[in-house]
Amino acid sequence: MGWTTINHTCGHETREQLYGKMADRDRKASAMGQSPCLTCRAEAGRAAGLTGTDKQIAWAHDVMTGVMGSLTVDDVASGAEQAARAVAAERGPEAARKIAAKAMTGYGDDPAEAMLAAGSSILEAITDASWWIEHRHDAGVEAGRMIVAQAASTTE
Ligand SMILES: [Zn+2]
């Protein structure tokens with residue numbers, strides 16, 4: 001192990017303790033230098049509205065950027081279908097149909113585009129950094145579930 005100076009893209013230098021073989025440390029140091037420092041990443045995340053510790057926000061902002069850039073209709077739709085099935089089991093298929101329709105209202109006529117727009121919109125409102133970290137692998141599916149859950153909670 002050893003202390004290495006990292007030159008970040010924001011112009012700041014940080015000292016990091018890196019572990020492993022020299023070649024691995026060099027690789028890690030140059031990878032870390034490809035991004036802004038933690039303070040600047042946290043600042044960017046805070047500017048995007050995220051709340052939490054600097055470390056959480058920096059990580060969550062990376063997750064958020066990645067998720068928003070690669071959100072798929074399949075993920076959002078599968079979450080929405082899961083939630084709609086749960087509603088159907090509880091309140092019957094007719095209520096589930098009404099709620100699913102309500103969930104997509106206002107997002108346009110194209111079903112796929114509406115699904116994506118609704119998913120993006122619900123995700124954009126999530127500012128809790130720890131939520132993003134927790135759902136870094138399933139944020140799209142979770143967005144689908146939330147769309148339907150939200151519509152269900154406001155529908156008789
Ligand atoms: Zn910086």
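**Hairpin and helix packing in a predicted model**

Strand β1, residues 2–7, pairs with strand β2 in the antiparallel sense, and the pairing runs over six bridges. Good morning, colleagues. Please bear in mind throughout that this is a predicted model.

Let me stay with the hairpin for a moment. Two of the pairings may serve as reference points: Trp-3 has Gln-17 of β2 as its bridge partner, and Thr-4 has Glu-16 of β2 as its own. Five residues lie between the strands of this hairpin, and among them Gly-11 takes a positive phi near 100°.

How many of the six residues of β1 are buried? The number is zero, so β1 lies largely in the open. For β2, which spans residues 13–18, the number buried is likewise zero out of six, so this strand too lies largely in the open. In general, the side chains of a regular strand alternate between the two faces of the sheet.

I turn now to helix α2, residues 38–47, where Leu-38 is found. Leu-38 has 18 C-beta neighbours inside 10 Å and therefore counts as partly exposed; the threshold for a buried residue is 20 or more. From Leu-38 to His-12 the C-alpha separation is 9.7 Å, although 26 residues separate the two in sequence. Which residues does Leu-38 contact, once neighbours within four places in sequence are left aside? They are Asp-54, Lys-55 and Ala-58.

Next comes helix α3, residues 54–70, which holds Gln-56. With 19 other C-beta atoms within 10 Å, Gln-56 is partly exposed. Beyond its neighbours within four places in sequence, Gln-56 is in contact with Ala-129, Ser-130 and Ile-133. Of these, Ser-130 is 74 residues away from Gln-56 in sequence, yet the two C-alpha atoms are 6.5 Å apart in space.

The remainder of this talk concerns three helices, α4, α5 and α8, taken in pairs. As a general matter, two packed helices are described by the angle between their axes and the distance between the axes.

The first pair is α4 with α5. Helix α4 covers residues 73–91, and its axis lies 7 Å from that of α5, the packing angle being about 145°. The crossing of these two helices is right-handed. On the α4 side the contact involves Ala-80, Ala-84, Val-87, Ala-88 and Arg-91, and these meet Pro-93, Ala-95, Ala-96, Ile-99, Ala-100 and Ala-103 of α5. What is the make-up of this contact by class? There are 10 nonpolar residues, no polar ones and one charged.

The second pair is α5 with α8. Here α5, residues 93–103, and α8, residues 139–153, have axes that come within 8 Å and cross at roughly 115°. That angle makes α5 roughly perpendicular to α8. This crossing, too, is right-handed. From α5, the residues Ile-99, Ala-100, Lys-102 and Ala-103 meet Ile-147, Val-148, Ala-151 and Ala-152 of α8. The residues of this contact comprise seven nonpolar, no polar and one charged.

The third pair is α4 with α8. Their axes are 6 Å apart, and the packing angle is about 40°. The two helices are therefore oblique to each other. As to handedness, the crossing of α4 and α8 is right-handed. On α4, the residues in contact are Asp-75, Val-76, Ala-77, Ser-78, Gly-79, Ala-80, Gln-82, Ala-83, Ala-84 and Val-87, while α8 contributes Gly-140, Val-141, Glu-142, Ala-143, Gly-144, Arg-145, Ile-147, Val-148, Ala-149 and Ala-152. By class, the contact of α4 with α8 has 12 nonpolar, five polar and three charged residues.

One residue of α4 deserves a separate remark, namely Ala-86. Is Ala-86 buried or partly exposed? Ala-86 is partly exposed, with 15 other C-beta atoms within 10 Å. Its C-alpha atom is separated by 9.6 Å from that of Ala-149, and the two residues are 63 apart along the chain.

To close, I would return to two points. The hairpin of β1 and β2 has Gly-11 at a positive phi. Among the helices, α5 stands roughly perpendicular to α8, whereas α4 and α8 are oblique to each other. Thank you for your attention.

Definitions and conventions
Residues numbered from 1 in each chain as written. Predicted model: local features only at pLDDT ≥ 70, side-chain atom pairs only at ≥ 80, totals over all residues. Axes fitted to C-alpha atoms, helices over the stretch in contact; angles between N-to-C directions. Helix = DSSP H or I, 4+ residues; strand = E, 2+ residues; numbered from the N terminus. Parallel < 35°, antiparallel > 145°, perpendicular 65-115°, else oblique. Left-handed = near helix turned anticlockwise from the far one by under 90°. Contact = placed C-beta atoms within 7 Å. Nonpolar A, V, L, I, M, F, W, Y, C, P; charged D, E, K, R; others polar. Buried ≥ 20, exposed ≤ 12 C-beta atoms within 10 Å, placed from the backbone. Pairing = 2+ DSSP bridges.
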